[in-house]
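Let's take a relaxed walk through a protein model, looking at a few loops and strands along the way. Keep the picture open as you read.

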Amino acid sequence: MLIKTRSSRAFAFGLNRFGQLGSCSNAGSWSGNGIPVEIALEVNVSGMSAGRKHSLLLGEDGGVWSFGSNDRGQLGFLDQQLVYGGVVCAPARVPGLPAAGQVAAGRSHSVVASKEGQVWGFGNNEHGQLTGAPSSPVLTPMRMFEEETTNFSLVSLTAREMATFLVLSDALTDESRVVLQGWNNVGQLDLPTATPYGKHVLQTCPFLPWQTCDEFAFATLQSGGENVFLEVTESRPATSPPFSRLLLILSRFCRLSSILALPRSPPLSQSSSCLRCYLPFLTLTGS
């Protein structure tokens, strides 16, 4: 677990078996750290992300620091002694990257977005999470999604398990897109499950099944395990459907609306790839 304080300091607690807490005091031990320990870094922290056995920190100066397991090259170091088994228990700056604005750690791959919106990746590519097709690990930062980000601005970057996701937008046209890349074992790329991996670009039209689909834009994306959650918002005043925000779930397991007994508009649709659940977006407030 990684924590960023209001004063831009980083703390970590939990298992440190692979040095993923950024501390060498008990790296290699299966004993957990129940008390948060500060991660020593020479600059203030502006962002962070935790993978399965490695962690990433983003400094306010745009530098990226990685630590933990490097068994698939997910730390971004071209050091053969660290690949396939080595660990780094103290933060080390990843070389070869421009000034970064976002970082995302997947199960054993890492993705970084520069302040100019370029996307770089390194680490495991067994399921095409870096290139769209399986290959050996990528040991140093490699440009990703060059074509997709040429005319679109990067809104958000997400890496989960064995996949990478982007939300893109064009301020001039209000058009937005989502790029899904990597493993598709249960249709989390919105592709037929017979396609085990790949890359899929979603556009609001025709992805949203309404005549007014061009009045909506993809806003945020979150992924947990084998599910993908997309938030859609109105980009222009809309007449239909009768809500301004919507939560979409992409997975063959998306039975959430039935469990919660929530109304669905438009109705649940099913394709050969997965189920798409369309739910009115919930906002919880309390006093």
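Which residues does Gln118 touch, not counting residues up to four places away in sequence? Keep in mind as you look that this is a predicted model.

## Gln118, a loop residue

Here's the reply: leaving out residues up to four places away in sequence, Gln118 touches Pro98, Val112, Ala113 and Arg143. You'll find Gln118 in the loop between β9 (109-114) and β10.

Is Gln118 buried or exposed? Neither label fits, because its relative accessibility is 29%, and that counts as partly exposed. There's also a distance to check on screen: Gln118 and Ala100 sit 18 residues apart in sequence, and their C-alpha atoms are 8.9 Å apart in space.

## Gln129, a buried loop residue

Now move to the loop between β10 (119-123) and β11 (138-144), where Gln129 is found. Gln129 has a relative accessible area of 0%, so it is buried. The cut-off behind that word is under 20% relative accessible area.

What does Gln129 touch? Setting aside residues up to four places away in sequence, its contacts are His109, Asn124, Met144, Met162, Ala163, Thr164, Gln181 and Gly182.

## Asp71 and its polar contacts

Next stop: the loop between β6 and β7 (87-93), which is the place of Asp71. Asp71 counts as buried because its relative accessible area is 14%.

The side chain of Asp71 has a couple of links to look for. With the side chain of Lys53, Asp71 makes a polar contact of 2.8 Å. With the side chain of Gln74, the polar contact is 2.9 Å.

## Strand β5, covered on both faces

How many of the residues of β5 are buried? This strand covers residues 54-59, and 6 of its 6 residues are buried. In a regular strand, side chains take turns between the two faces of the sheet. For β5, one side holds His54, Leu56 and Leu58, while the other holds Ser55, Leu57 and Gly59. Both of those faces are covered.

## The partners of β5

Let's see what β5 pairs with. Strand β4 (residues 45-50) pairs with β5 in the antiparallel sense, over 5 bridges. One bridge to pick out links Ala50 to its partner Ser55 in β5. Going from β4 to β5, the chain passes through a hairpin of 3 residues.

β5 also pairs with strand β6 (residues 64-69), in the antiparallel sense and over 5 bridges. Here Leu58 has Val64 in β6 as its bridge partner. β5 and β6 form a hairpin too, with 4 residues between them. Look for Gly62 in that turn, which has a positive phi of about 90°.

## A sheet of three strands

Finally, head back towards the start of the chain. There, 3 strands form an open sheet with antiparallel pairing, in the order β1-β2-β3. Why do β1 and β3 each have one side without a neighbour in the sheet? β1 (2-4) and β3 (33-38) stand at the edges and each has a single partner strand, so one side of each is left without a neighbour in the sheet. From one strand to the next, the twist averages 20°.

You can trace one of these pairings yourself. β1 and strand β2 (residues 10-14) pair in the antiparallel sense over 3 bridges. For Lys4, the bridge partner in β2 is Ala10.

Conventions. Residues are numbered from 1 along each chain as its sequence is written. This is a predicted model: local features need pLDDT of at least 70, side-chain atom pairs count only at pLDDT 80 or more; totals for chains, interfaces and linings use all residues. Side-chain values use heavy atoms; hydrogens and water are left out. Buried means under 20% relative accessible area, exposed over 50%, partly exposed in between (1.4 Å probe, protein chains only). Helices (H or I, at least four residues) and strands (E, at least two) are DSSP runs, numbered from the N terminus. Two strands pair if DSSP finds at least two bridges between them. Axes are lines fitted to C-alpha atoms, for helices over the stretch in contact, and angles run from 0 to 180 degrees between N-to-C directions. Contact means heavy atoms within 4.5 Å. A polar contact is a pair of N or O atoms within 3.5 Å; within protein, one must be able to donate a hydrogen and the other to accept it, and residues adjacent in sequence count only if both atoms are side-chain atoms.
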